[in-house]
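Visitor: I'd like a close look at one part of this model, the sheet in the second chain. Could you walk me through how it is put together and what sits around it?

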Amino acid sequence: MLQQIIAIVIIIFFVFRLAAQKKKKIISHNEFSLWLAFWLVAAAAIIFIKQIDRLVAWLGFSGSGINFLIYIAVLALFYLIFRLQLDHAKMDKNLTEIVRQITLKK
Amino acid sequence: MKITCVIPAYNEAKNISLVVSGVRPFVDEVVVVDDCSRDDTFDLAKQAGAIVFRHPLNRGQGAALQTGNDYALEHQADIIVHFDADDQFLASEIKDMVAPILAGRADIVFGSRFLGKKSNLPTFKKYLIMPLARLFTRVILGIKLSDPQNGFRALSQAAARRIRINNRGMAHNSEIQIKAFQEKLRIAEVPITVVYHHFGQKLAGGFKVIRDLLIHKIIK
């Protein structure tokens, strides 16, 4: 219970920080919505951890709900890194093309 | 037949004059693409008689080669020779490289260190890196060439138009070979000599090549 409260407090801190960034126009409306949804899902996962435990058991996994969430988070991180790498490669390719055009003064 | 030699160069002030002067008697035009060197590569290449371009940012050997190809194609080169700036290759072998294209037997010619002529290949490279690279290119990429990593090559104008180099780093080597096979070009291999002054690409570089090939396959 104490761990859940600490986690929720941390999430509330990040949501306030997010709202402040939005107010100062550091982040766009879409970015704000995305991160708000992320933190709300994280808070829901913490509040309903018992239900997730039952869901995980029903799905046939031996670990607890929190383990399951960590596995999902690791998978999501790998996917995000992969996407970032692809985006980076696309930008890199475009940059090379611009450099080439400047070099040959097209 | 107009033969243009494209030399990508990065911090090659030590060798570029020698390389450009060595190559000039064997081709009609020498194009050096200085990949944003911090030394005098640009000026020295110009003084040696090359047409010189300078990338405003360092973009890698593959990118420099494509810049050179773009220029050569725009100026009606019939054959484009890729040649390294580090004085590893013998300029006198350019005539052997372009011969199969001139004879109409090939669209692209790859130099090979493993077809008879002797190169002073470092032992580790010869007995570990090269066999692994050869195995990878044969089994995974389906490329049947004796030398999987050789920067000395000659392309006909048609071949250069069909092969656009997207990998700006060292993966361009494999990319060119893959595209030559995919485009069903007539491929020839010619024995060449490589004089090693330094080790060159290491094993870790090989893994980077695989990663870059994979990424460019996805973002294509």
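Guide: Here's a tour of the sheet in chain B, followed by a few stops elsewhere.

Keep in mind that this is a predicted model. The sheet is an open one of seven strands, and across chain B the order reads β3-β2-β1-β4-β6-β5-β7, with mixed pairing. At the edges stand β3 and β7 (187–191) of chain B, and each has a single partner strand, so one side of each goes without a neighbour in the sheet. On average, neighbouring strands are turned by 20° against each other, direction ignored.

Let's begin with β2(B), residues 29–34. Five of the six residues in this strand are buried, so the rest of the structure largely encloses β2(B). One of its partners is β1(B), residues 3–9, and the two pair in the parallel sense over six bridges. If you want a spot to zoom in on, take B:Val6, whose bridge partner in β2(B) is B:Val31. To get from β1(B) to β2(B), the chain goes through helix α1 of chain B (residues 16–23), and this β-α-β crossover is right-handed.

β2(B) also pairs with β3(B), residues 51–54, again in the parallel sense, here over four bridges. In this pairing B:Val33 stands opposite B:Phe53 of β3(B). The connection runs from β2(B) through helix α2 of chain B (residues 41–47) to β3(B), another β-α-β crossover that is right-handed.

Now for the antiparallel part. β4(B), residues 79–82, and β6(B), residues 153–156, pair in the antiparallel sense over four bridges. Here you'll find B:Ile79 opposite B:Ser156 of β6(B). Helix α4 of chain B (residues 94–102) packs on the sheet, where it touches β1, β4, β5 (108–112), β6 and β7 of chain B. The direction of α4(B) makes about 140° with that of β4(B).

Next, two other helices of chain B. Helix α7(B), residues 172–182, has as its buried residues B:His172, B:Asn173, B:Ser174, B:Glu175, B:Ile176, B:Gln177 and B:Ala180. Just after α7(B) comes B:Lys184, with a positive phi of about 55°. Then there's helix α8(B), residues 203–219, which holds B:Asp212. B:Asp212 has 22 other C-beta atoms within 10 Å; 20 or more count as buried, so this residue is buried. Setting aside neighbours within four places in sequence, B:Asp212 is in contact with B:Asn167, B:Gly169 and B:Ala171. B:Lys95, by contrast, lies 32 Å from B:Asp212, C-alpha to C-alpha, and 117 residues away in sequence.

Finally, a look across to the other chain. On chain A, 11 residues are in contact with 17 residues of chain B. The side of chain A that touches chain B is made up of five nonpolar, three polar and three charged residues. Within chain A, helix α1(A), residues 2–23, packs with α2(A), residues 29–47, at an angle of about 170°, and their axes are 10 Å apart. The two helices are therefore roughly antiparallel to each other. Among the residues making this contact are A:Phe14 and A:Leu18 of α1(A), along with A:Trp35 and A:Trp39 of α2(A). By class, the contact has 13 nonpolar, one polar and one charged residues.

Conventions:
Residues are numbered from 1 along each chain as its sequence is written. Chains are lettered from A and ligands numbered from 1 in the order in which they are written. This is a predicted model: local features need pLDDT of at least 70, side-chain atom pairs count only at pLDDT 80 or more; totals for chains, interfaces and linings use all residues. Two residues are in contact if their C-beta atoms, placed from the backbone, lie within 7 Å. Ala, Val, Leu, Ile, Met, Phe, Trp, Tyr, Cys and Pro count as nonpolar, Asp, Glu, Lys and Arg as charged, and the others, Gly among them, as polar. A residue is buried if 20 or more other C-beta atoms lie within 10 Å of its own, exposed if 12 or fewer, and partly exposed in between; C-beta atoms are placed from the backbone. Two strands pair if DSSP finds at least two bridges between them. A crossover is right-handed if, with the strands pointing away from the viewer, the path from the first strand over the helix to the second runs clockwise. Axes are lines fitted to C-alpha atoms, for helices over the stretch in contact, and angles run from 0 to 180 degrees between N-to-C directions. Angles under 35 degrees count as roughly parallel, over 145 as roughly antiparallel, 65 to 115 as roughly perpendicular and the rest as oblique.
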